[in-house]
Amino acid sequence: SLAQTMSAKVQARVSVQQAYRTKKAALSILERSHAEQYSRVKDYAAELKRVDPSTTVDIQCDYNNPGQKPIFKRMYVCLGALKKGFKAGCRSLIGLDGCHLKSPYGGQLLSAVGVDANNSTRVVGYAMVEQECKDSWIWFLELLANDLDIRSDGAGWTFISDKQKGLLPAFEVVLPSAEHRFCVRHLWTNFNKKFPGKALKDQLWAIAKSTTMAYFTKEMVLMNQMEPGAYNYLTEPDRPAKHWSRSHFNTMLKCDILLNNLSESFNAFILPARVKPVISMFEEMRIKLMKRIHIRRDKMMKVQDTICPKPREILEKNKVKAATDCIPFGSGSSKIEVESIGGARYVVDIERRSCACRRWDLSGIPCKHVVSAIHYMREKPEDYVDTACWTKTYLAIYSNTISPVNGMDLWERTDDAAILPPQYNRQPGRPKTKRIKDSQEKATEGTKLGRVQKSLKCSSCGVLGHNVKTCHRHLPPKEKMSKKRKLDTGEGTSSQSKAKGTKNPPLTKNELRAKVIHKANKMKKKRDAQKAAAFAAAKSTTAKAATKSSTASTTTRAATAISKASASAKSSTPTRSSQRIRAGKEAGK
């Protein structure tokens, strides 16, 4: 406890009340530091603009209060180096996400993250808002579009997200022409709640990874055969395939990612900063990004290859597959027919840089069919990698470094009124700093078991996590029975036979419960009967063994008595020598 820790450090006894008062005083000092940092937010914005005039900082305050004093509401930061680096060579794809802040005043942090030439994250901008809603996303997207020079209502740009609250309506207002992708990982999380199982999971990912419409249709037909309900779920109007399947993606982007790991990795990267006050949080994020840009640039300057390491790794794997799986056939033009080991054939157009499988078109890295065709043309596959994956492009992105900033003591104070912190509503109990993980997520640390016990499997329904005795707890709730009495129409129901060719109606929740309980009771009676039979068999075997042992002991005792009697009879009968001796003694007398 805190009292024990303080007692060990000061080497004196500290009572619980003393520790409580000390903690209360420390928290009040910490909260005062929060309030002081909120009052100097505009000074921090002026210092960022002084160091780099191309930096964008926007602060919104709320003046709807009795004293007409500014209360902090939102703050947007887009450093000039991040803005220039993104424009220098990053692809037109941005990942959007929001995460909760863990300071006493709460709030959420919105972030925009791009993809660099090495398929790594490149932060563009971030903002602290009061909550994640349509209004906050509209404000954030308007500032982001202005900084990145996004015109024509977002045409040619692609955004990937987890379908955050209010984000889709904000896109319809700010960037209606932009394409939007859904994270397949979050799509599967919602899909798994209704249709669990590894087979359906693998089929969903097969549909998402399909690169052509023919493959997409084939996998969807297979999903319909496996589970019609899952097929209907994936074809609903609010879940179109153009948002989550590669077969519908635009090939001009040269990026085929299906996950929003860009934003998720950034949220984990800044996790320690999310607990600190507003200026300390923004400063720690700025320092982390400044160090990351410097390290990545120095590391890439030592690379002698013309292609970045991650695209190079993909290209080398495709070279091995091309040597073992593909056979090219020339046609005398730039189009080459490539036959795969499975019998499928693909047309590769070297001049237009296109392949029938669309993997080259989507990623900008030659697939195995293209590599085989390029080798047939006696050329190098490296010459056909898109410029978005070049080392030269990477260095152009990271040549824009973040400028260092002085400490708070050296900042010039502005003439604006001091900003007050937002309203502080302290909740009862200890503040929670860790989110509640889903049961499907793997434990990353510790030895605590997951929320689903994989060692138990019900023999009645075959579901993991419970046994036969508790199977009834995992059934759907009972239906409320209607109290209305049925009218006696005089028509018989039991005597009428069902029409031929008709199917039985689906079971209700009560019928399903009764069926499972009946099955469980039947299995229990069967097990009890087996146990009783085994016990009776064991008891009879023990009785037979005891009878045999008693019979054997009686026979042994009788045999022993007979041998003793025969021995005594033999000893009482006189022999010939004894008779002669006895006769001699009588003659002497």
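## Helix α15

In this predicted model, helix α15 (residues 368–376) is mostly covered, with seven of its nine residues buried. Buried means under 20% relative accessible area, exposed over 50%, and partly exposed in between (1.4 Å probe, protein chains only). Helices (H or I, at least four residues) and strands (E, at least two) are DSSP runs, numbered from the N terminus. The buried residues of α15 are K368, H369, V370, V371, S372, A373 and I374.

Several elements provide the cover. They include the helices α13 (309–325) and α14 (359–363). The strands β8 (326–330), β9 (335–340), β10 (345–349) and β11 (354–355) also help to cover these buried residues. Just after α15, R378 takes a positive phi of about 60 degrees.

## Confidence and basis

Residues are numbered from 1 along each chain as its sequence is written, and side-chain values use heavy atoms, with hydrogens and water left out. Since this is a predicted model, local features need pLDDT of at least 70 and side-chain atom pairs count only at pLDDT 80 or more, while totals for chains, interfaces and linings use all residues.

The mean pLDDT of the chain is 84. This score is the predictor's confidence in each residue, from 0 to 100. A value of 70 or more is reached by 83% of the residues. Among the elements, helix α16 (residues 391–398) has the highest mean pLDDT, 96, and helix α18 (residues 576–588) the lowest, 64. Over residues 486–498 the pLDDT is below 50, and this stretch has one contact in the model beyond near neighbours in sequence. Contact means heavy atoms within 4.5 Å.

## Overall build

The chain has 18 helices and 11 strands. Of its 589 residues, 37% are buried. Among contacts between residues at least 6 apart in sequence, 63% join residues at least 24 apart.

## Nonpolar cores

The largest nonpolar core has 76 residues. Such a core is a set of buried Ala, Val, Leu, Ile, Met, Phe, Trp, Tyr and Cys residues joined through side-chain atoms within 4.5 Å. I94, L96, Y126, F140, L144, F159 and F282 touch the most other members of the largest core. A second, separate core has 21 residues, including L187, W188, W205 and W244.

## The second largest pocket

The second largest pocket has a volume of about 1000 Å³. On a 1 Å grid over the protein atoms alone, a pocket is an open set of points with protein on both sides within 12 Å along at least five of seven lines; a cavity is a set where a 1.4 Å probe fits but cannot get out; lining residues have an atom within 4 Å of a point. Grid points are joined across faces, edges and corners, and a volume is the space filled by probe spheres set on the points.

This pocket is lined by 37 residues, and R246, D256, I314, R359 and S363 lie nearest its centre. Helix α15 returns here: α8 (198–209), α9 (213–226), α11 (261–269), α13, α14 and α15 each supply at least two lining residues. The largest share, four residues, comes from α13. By class, the lining has 15 nonpolar, 11 polar and 11 charged residues. Ala, Val, Leu, Ile, Met, Phe, Trp, Tyr, Cys and Pro count as nonpolar, Asp, Glu, Lys and Arg as charged, and the others, Gly among them, as polar.

## Cavities

The whole structure holds three cavities of 30 Å³ or more. The largest has a volume of about 70 Å³. Its lining is L48, V51, D52, T55, L79, A81, R286, T401, I402, S403 and V405. These divide into six nonpolar, three polar and two charged residues.

The second largest cavity holds about 50 Å³ of space. L82, T121, R122, V123, L289, R292, I293, R296 and Y398 line it. Helix α12 (278–301) and strand β5 (121–129) each supply at least two of these residues, and α12 gives the most, with four. The lining has five nonpolar, one polar and three charged residues.

## Loop residues

D149 has a positive phi of about 60 degrees although it is not a glycine. D149 sits in the loop between α5 (134–147) and β6 (158–161). At 41% relative accessibility, D149 is partly exposed. K254, also not a glycine, has a positive phi near 60 degrees, and lies in the loop between α10 (228–234) and α11.

M408 is in the loop between α16 and α17 (509–572). M408 touches Q37, R40 and I279, not counting residues up to four places away in sequence. M408 and I279 are 129 residues apart in sequence and 9.3 Å apart in space, C-alpha to C-alpha. With a relative accessible area of 24%, M408 counts as partly exposed.
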